[in-house]
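Biologist: I am a first-year student learning to read structures, and I would like a close look at one part of this one. Please go slowly and explain each term when it comes up.

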Amino acid sequence: MQPIPLRMSEKWAWGALGLFGFIGLWAALSAFGIVPRQFLPSPIDVLARFVHLLTNPFAGATLPQHLASSFQRYAYGVLLAAFIGVPLGLLMGWFRWLDDVVTPLFDGLRFIAPIAWVPFAALWFGVGIGGPILIIFAGAFPPCLINAYRGARFVEPRLIEAARMLGTGHLRMILEILLPAATPSIVSGLRVSAGLGWQSLVGAELIVAAAGVGFMMVQAQANVATPTVMAGMAAIGLVGMAIDVMLRQGEAWLRRRRGLQV
Amino acid sequence: MGSIRFDKVDKVFGPASGGVKALDDINLEIGDKEFVAIVGPSGCGKTTCLRMVAGFEPPSAGIVSVNGKAVTEPGPDRAVVFQQFALFPWKSVRENIELGLRNKNLPKAERDGLVAGALRLMNLESHADAFPHQLSGGMQQRVAIARAYVLDPEVLLMDEPFGALDAQTRVVMQEELVRLARVNPRTVLFITHAVEEAVYLADRVAVMTRRPGRIKEVLDIRSVRQAESWDRHERIEDVMDLESFVHLRTQIWKSLREEKGAHGV
């Protein structure tokens with residue numbers, strides 16, 4: 001039996017139920033003192049703190065300022081991963097020897113969690129911008145490379161044959177055949193990269209940074225300012241969602257433009 | 001110049017010993033500007049013959065040569081028209097046709113002239129800036145033919161080019177191809193399983209056996225076409241009604257049916 005698809009309004013209603021249910025449960029836990037307030041601040045406290053932090057500095061900057069410095073590192077790290085990962089993936093998808101050279105190394109490296117680079121990030125860059133970028137890069141690079149590679153590798157063989165028959169050289173093959181054919185796969189990879197990069201970022205900032213949301217949260221924890229910690233978490237979640245929504249829109253737009261409506 | 005030669009060609013798929021023998025001792029010569037069709041039951045290896053001339057696959061034994069030179073890789077001297085069109089979905093009609101010319105490093109002005117000519121030849125002028133997915137199957141195949149013709153190839157390789165089209169479109173395209181062949185004759189290797197199509201289009205028809213594919217017989221159509229002056233008829237159905245056409249068609253049908261019968265199909 002086919003489940004009946006939900007209408008958009010019903011979908012929103014169920015989503016709202018989940019969200020408010022969660023907040024309600026959370027409010028109840030702290031309101032009835034089931035968990036001490038110090039350990040679990042109430043939703044109202046967190047919201048108030050969030051609003052307060054929008055204009056009042058904590059650990060040297062307001063929340064938007066912390067977010068801005070986080071986002072800057074994040075953008076550098078993810079862009080670096082994309083600018084190295086996507087071309088390398090495409091090249092590996094075309095030149096078999098390069099695939100053979102890189103794949104064993106890459107397969108080993110990609111299972112090292114981004115956070116495992118923290119000691120070296122601290123050693124090499126101190127609290128400079130290089131450390132977080134290295135860690136974000138470690139998180140964002142593998143999906144960029146893998147998706148570009150798979151996209152290039154699984155191009156419809158007829159299209160490759162047609163291009164070869166037309167006398168297409170290596171560079172043009174990569175730029176005009178593999179790249180556009182792999183674009184949907186690359187865009188999905190970038191979305192995954194963007195998510196992993198954002199997750200890795202905050203981890204990085206907990207340890208190697210002198211500003212940013214992660215830094216703010218560590219400072220707050222040291223002062224047992226739990227609402228501030230949670231406000232930071234909420235900000236991370238919201239920004240992450242915003243990034244994902246934007247990239248989804250971009251992906252959908254790209255598909256429509258190509259006439260590949262899904 | 002564009003002659004094709006298969007010389008004692010075998011093709012084995014899979015491991016050299018214990019693989020599946022797809023083609024067995026293929027010998028065929030196609031002269032300059034000659035149109036040869038290969039017909040055969042599906043899976044007989046007729047497309048493999050074409051793919052070896054295109055340079056997509058090497059023969060396991062023997063030599064496939066074009067103009068006396070063994071084929072080693074694909075190239076624009078041997079343009080291919082694929083059954084599934086194989087147009088680049090992200091390129092417009094014009095860009096699809098232009099790619100091969102850009103690969104030849106022709107100057108822009110010359111490319112524009114050649115593309116315009118190819119668009120006119122295939123009646124595609126009003127669709128030059130459309131993308132493949134906006135066109136019907138017949139239109140897409142026109143683009144693929146224009147893309148091949150614009151290269152001015154010595155040899156044109158057509159792999160069941162009309163197999164994915166509906167019956168009416170197919171007839172229009174067949175007539176179109178005859179018109180093209182008159183205006184601009186090429187050496188053509190044409191793969192099909194449609195007997196009428198082969199008899200209507202080709203100078204000679206090679207009939208292949210079931211796997212392992214061998215060339216069973218080669219029928220001369222051109223001498224009959226000239227003797228019975230098929231070309232005075234504009235429409236394909238008028239040609240198909242001629243007794244000489246029916247005779248040849250039946251002869252090929254019988255030849256193919258023996259193949260099927262022999263294996264209980």
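Why does Asp25(B) count as partly exposed? Once that is clear, please take me through the sheet of chain B and what lies around it.

Modeller: Before anything else, please keep in mind that this is a predicted model, in which local features need pLDDT of at least 70 and side-chain atom pairs count only at pLDDT 80 or more, while totals for chains, interfaces and linings use all residues. Residues are numbered from 1 along each chain as its sequence is written, and chains are lettered from A and ligands numbered from 1 in the order in which they are written.

Asp25(B) counts as partly exposed because it has 15 C-beta neighbours inside 10 Å. The scale behind this calls a residue buried if 20 or more other C-beta atoms lie within 10 Å of its own, exposed if 12 or fewer do, and partly exposed in between, with the C-beta atoms placed from the backbone. Asp25(B) lies in strand S2 (residues 20-30) of chain B, where helices (H or I, at least four residues) and strands (E, at least two) are DSSP runs numbered from the N terminus. Its phi is near 50°, a positive value in a residue other than glycine. Most residues other than glycine have a negative phi, and most peptide bonds are trans.

Asp152(B) also has a phi near 50°, again positive in a residue other than glycine, and its place is the loop between H4 and S7 of chain B. With 16 other C-beta atoms within 10 Å, Asp152(B) is partly exposed.

Now to the sheet. In chain B, 6 strands form an open sheet of mixed pairing, in the order S6-S7-S8-S3-S9-S10; two strands pair if DSSP finds at least two bridges between them. S6 and strand S10 (215-220) of chain B stand at the edges with a single partner strand each, so one side of each is left without a neighbour in the sheet. On average, neighbouring strands of this sheet are turned by 15° against each other, direction ignored, where the axes are lines fitted to C-alpha atoms, for helices over the stretch in contact, and angles run from 0 to 180 degrees between N-to-C directions.

We can walk through part of that order, beginning with S7(B) and S8(B), which pair in the parallel sense over 5 bridges. In this pairing the bridge partner of Val155(B) in S8(B) is Thr187(B). S8(B) is also joined to S3(B) by 5 bridges, and these two run parallel, with Ala37(B) standing opposite Phe190(B) in S8(B). Strand S3 (residues 35-39) of chain B in turn pairs with strand S9 (residues 204-208) of chain B, in the parallel sense over 4 bridges, and there Val39(B) stands opposite Val207(B).

Strand S8 (residues 187-192) of chain B deserves a pause, since 6 of its 6 residues are buried. In a regular strand the side chains alternate between the two faces of the sheet. In S8(B) both faces are covered, with Thr187(B), Leu189(B) and Ile191(B) buried on one side and Val188(B), Phe190(B) and Thr192(B) buried on the other.

Beyond S9(B), the loop between S9 and S10 of chain B holds Pro212(B), and the peptide bond leading to Pro212(B) from Arg211(B) is cis, with omega near -5°.

Helix H4 (residues 137-149) of chain B belongs to the surroundings of the sheet. Its 13 residues should span 18 Å at 1.5 Å a residue, and its end C-alpha atoms are 18 Å apart, which agrees; the expected span is 1.5 Å times one less than the number of residues. H4(B) is mostly covered, with 10 of its 13 residues buried, including Val143(B), Ile145(B) and Tyr149(B). Among the elements that cover these buried residues are strand S6 (78-81), strand S7 (155-159) and helix H2 (93-103) of chain B, where residues are in contact if their C-beta atoms, placed from the backbone, lie within 7 Å.

Finally, chain B meets chain A through a contact that takes 19 residues from chain B and 14 residues from chain A. S6 and H2 of chain B each supply at least two residues of that side of chain B, and the largest share, 3 residues, comes from H2(B). Chain A itself has 10 helices and 0 strands.

Notes: Contact = placed C-beta atoms within 7 Å.
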